[in-house]
Amino acid sequence: MDFVDKVVIITGASSGIGKYCAMDFARHSAKLVLVGRNVNNLKETKDECERISGIGALTVVADITKEDDIDRIIKDTIEHYGKIDVLVNNAGRLVMAGVRDSITNYDKVSAVNVRGTYMLTQRAIPHLIETKGNIVNVSSVLSTNAIPSLTAYCMTKAAVDMLTKCAALELADKGVRVNSVNPGPIATELFRRAGLDEEANRHAYASMGAAMPLQKIATSDDVAKLVVFLASDYASSITGATHLIDCGLHLGKPVL
């Protein structure tokens, strides 16, 4: 499995799953376009990827809720590399809020998880058709498992799954595959950014790990390896599929 001469765009590449995806693609010699909002963290990802692969990476400081930024991601990629082979829609946002809370919570989450992902996918499609490339969306186990305090997040990830299926069906005859990975809890900064302090964040992950059938939570590196597999020729017959990586969370635990 290699990505020699393959151009891979990764959003949310400055930390967490996106950063680990970038490093794993670098191990397979991909030409990377690293998209994120945090300039310093994005540079750290770029430096690490270049150390791994010895190949220069392009960084694009951008916010996918802004249409001009989305256009610039595509423009800079084509000007620099001339093509796009893989789009990894990883950027996401989580807000702790239920259905009785302000609609602004939904607006904030949807702007990134749905609208931004949808727009960037649209802009990338003509280039992916040219290369017969593919898209990997980072969704969540919460696209099908309800948590009331994360209503907007659950809703938007369900939308990402349906985008995956509809786009896969629409683009199949063009040779473009679309899949998603659906992680369970991953030890990233997602809950910290949603408002949990360090102690609450640590307790939350410890509790979730203990509740999993496998008695652990997956890592960002675990998810990255699945993303890279789905983007590779090894997955050439897989499209429109959602792939759980949740240590068995979706199975639940029997009472007896």
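This report describes a strand, a helix pair and two residues with positive phi in a predicted model.

Local features rest on pLDDT of at least 70 and side-chain atom pairs on pLDDT 80 or more, while totals for chains, interfaces and linings use all residues. Residues are numbered from 1 along each chain as its sequence is written, and side-chain values use heavy atoms, without hydrogens and water.

Strand β7 covers residues 242-245, where strands are DSSP runs of E with at least two residues and helices are runs of H or I with at least four, numbered from the N terminus. His243 and Ile245 point to one face of β7 and are buried (under 20% relative accessible area, with exposed over 50% and partly exposed in between, for a 1.4 Å probe and protein chains only), whereas Thr242 and Leu244 point to the other face and are not buried. Strand β6 (residues 177-183) runs parallel to β7 and is joined to it by 4 bridges, pairing being defined by at least two DSSP bridges; Ser180 stands opposite Thr242.

The axes of helices α4 (residues 103-131) and α5 (residues 151-171), which are lines fitted to C-alpha atoms over the stretch in contact, with angles from 0 to 180 degrees between N-to-C directions, come within 9 Å and cross at roughly 15°.

Two residues other than glycine have a positive phi, as tabulated here.

| Residue | Phi | Location | Relative accessibility |
|---|---|---|---|
| Ser29 | near 70° | loop between α1 (16-27) and β2 (31-36) | 28%, partly exposed |
| Cys247 | about 55° | segment after β7 | 9%, buried |
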